Amino acid sequence: MDSDSLTKMMSSEPPGNLSRDVTRAHKPAPGPGCSWLVVAAAMAASLSGLMLGYEMGLTSGVLLQLRGVLSLSCREQELLVSSRLLGALLICLAGGPILDRYGRRCSLLLSAGLVIGGTMLLMAKASLAALALGRIVVGMGTSLSGTAACLYIAEISPRERRGLLVTLYELMLVVGVMLGFSCSYAFATLPDGWVYTFGLVIPPALLQMGALVFLPPSPRFLVARGELELAREVLARMRGGAKEQVEVELRDIQIGLKEESEHSFVELFSAKSNLRSRLLTGMVLVFLQQATGQPNILSYASPLLRGVGFHSDDAATLASTGFGVVKVVGTVPAVLLVDRVGPKSFLCVGAVAMGMSLAALGALTLQSQTQLTSLCVSHPAPNHTIVTWDHNRTENETQMFITSAPVWWTDDDNRLLRSGPVDDKSSSLKWASLISLLVFVAAFSIGLGPMVYVVLSEIFPMGIRGRAVSVVSAVNWATNLLISMTFLTMTERIGVPNMMFLYAAMSFVLLVFVMLRVPKTRGRTLEEISKELAKKKHFEISLCKKVQHQETSSVSREMPPNIL
């Protein structure tokens, strides 16, 4: 990862007050607020969140259609799902120079072009190679767009509105997930409905490109390029002409850029100020964020629901749209209450709820009535009568096969699979499975989804925060890619119930890790948190310890995007 890398969105405190504001005994004077230009720019940039969420949400519904059209095997389905993540990982490793050289606004224009180009490729030809390549290009566009958008919003926003405006991106992301599920259901019954589903991401990309043409670059980028006068003009427009505030902010930007240049990338892996321990904490958090199963639950939601009893593609896709609604509803209280409750409490509650819901889902899929044997194939509807002879079965077994009217089919390896008849008990298990999944998604949305990035924005020092989160982001995308590429293969080998139990176990591992390693940060400034962590040799368990509120300036926490 490039040392001047792309995830400086974690810089949630203006650079200049690192040493200066800590000694203040009073709060700084309030700024001039947001001008219409700041709001318009933030909304245009937040369309990146809508596009990323939409691409995340459409995956499971489109997969059901494409695996029938192209007769995709397990490995091919995994390739199609993970290709977008591969593109995201590639741009995460190589996108830093683009952001630094061409700026946030130009990077957003480039990423919108990548999304449009990749989508045109997806719509042009129904072949696995074309679809995988198109998804890689779209993944590169949405990943670069997400990083550039958060940087752009954070750098144009006034201090007292920064957290709110960056949170707009997170809200747009979960709305995009809901729209992705909804649109994949709306076109599920149409011939080539997946083409229309893919194509609906083009309008917001075009809208973003049109809006960005009329918006200025970020002041921080202009200062980094040495264009001080132009940066002063842009700041004056964004702050409503408050000259004193503009000069103070401009000076803070210059001080912050100087401090960042004084830190080296190698320092992240040293024992200095416990940076290595903090980096390890961040890496484990994002690993557990993926290892608890959320990306796979979203990407394979429709096949999973079809397997537990929703016996048609449109029914399974419709049921999965509830995931998008729940993500929106779950994110709202997290956004509103994080400063009052604290991220650690949200993480603990979310981990417990995730573990319990996944354990319940594992127990439900163990029941014989669900007959959930494979997620790779489309299970025939159990009410249909299909006469199939298997010479390896005994006469008694064959008679039972006919009279009980189950459905048998074969998978890619010619294994005999079974779907049992529908009865009241299996119907209740179907709905119980859906409720368990919805609880899991809600728990993730209030805890592990947004709160991991709040913690990351707080545990690293300002001067090296962007580079630290760059490394953590690379680990996040790599883990997501690995888990998504192996999910169907793992379920074929150990079974869906055991996968759910494994995810539940990882959720409780997350709970223990948060209790042991994540500090309580509620009511503290970033400077106080950093000084405390620099002195500790390890993080203490503080379940019931109250954090005293300080009289120094409070810090607005940012909400960067959920990289499922």
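## Ser71 and the end of helix α2

Ser71 is exposed, because its relative accessible area of 58% is over the 50% cut-off. This value, like the others in this report, comes from a predicted model. Ser71 lies in the loop that joins α2 to α3, the latter covering residues 74–94. Although Ser71 is not a glycine, its phi is positive, at about 50°. That positive phi falls just after α2.

Ser71 is also one of the residues in contact with Leu66, once neighbours within four places in sequence are left aside. The others are Leu72, Leu80, Leu131, Trp194 and Phe198.

## Helix α2

Helix α2 runs over residues 36–69. Its 34 residues, at 1.5 Å each, should span 50 Å, and the C-alpha atoms at its ends are 48 Å apart, so the two values agree. The helix does have a bend, of about 40°, at Thr59.

How much of α2 is buried? The count is 28 of its 34 residues, so the rest of the structure largely encloses this helix.

## The nonpolar cores

The largest nonpolar core holds 124 residues. The members that touch the most other members are Leu66, Phe198, Leu285, Ile297, Phe323, Val452 and Met500. Helix α2 gives the most to this core, contributing 14 residues. Leu66 and Phe198, both in that list of members, are also in contact with each other.

Another core lies apart from the largest one and has seven residues, including Leu89, Cys92, Ala474 and Leu481.

## Cysteines

How many disulfides does a search of the whole structure find? The search returns zero. Two cysteines can be described by their accessibility. Cys92, a member of the seven-residue core, has a relative accessible area of 3% and is therefore buried. Cys183 has a relative accessible area of 17%; it is buried as well, because the cut-off is under 20%.

## Asp192

Asp192 is another residue that is not a glycine but has a positive phi, here of about 55°. Its place is the loop between α6 (162–186) and α7 (193–199). Is Asp192 buried, exposed or partly exposed? Its relative accessibility is 46%, so it counts as partly exposed, the class between under 20% and over 50%.

## Val234 and helix α10

Val234 belongs to helix α10, which covers residues 228–238. With a relative accessibility of 5%, Val234 counts as buried, since that value is under 20%.

Which residues does Val234 touch, not counting those up to four places away in sequence? They are Pro216, Pro217, Pro219 and Leu222. A further pair links distant parts of the sequence: Val234 and Leu37 are 197 residues apart along the chain, while their C-alpha atoms are 10.0 Å apart in space.

## The chain as a whole

The chain contains 22 helices and two strands. It has 564 residues, of which 58% count as buried. Among contacts with a separation of 6 or more, 84% are between residues 24 or more positions apart.

The surface exposed by the chain is about 22,100 Å². Carbon and sulfur atoms supply 63% of that area.

Terms used:
Residues numbered from 1 in each chain as written. Predicted model: local features only at pLDDT ≥ 70, side-chain atom pairs only at ≥ 80, totals over all residues. Heavy atoms only, no water. Core = buried A, V, L, I, M, F, W, Y, C linked by side-chain atoms within 4.5 Å. Buried < 20%, exposed > 50% of the residue type's maximum accessible area, 1.4 Å probe, protein only. Helix = DSSP H or I, 4+ residues; strand = E, 2+ residues; numbered from the N terminus. Contact = heavy atoms within 4.5 Å. Expected span 1.5 Å × (residues − 1). Bend = angle between axes of the 7 residues up to and from the residue. Disulfide = S-S within 2.5 Å. Areas by Shrake-Rupley, 256 points an atom, 1.4 Å probe, with all protein chains shown as cover.
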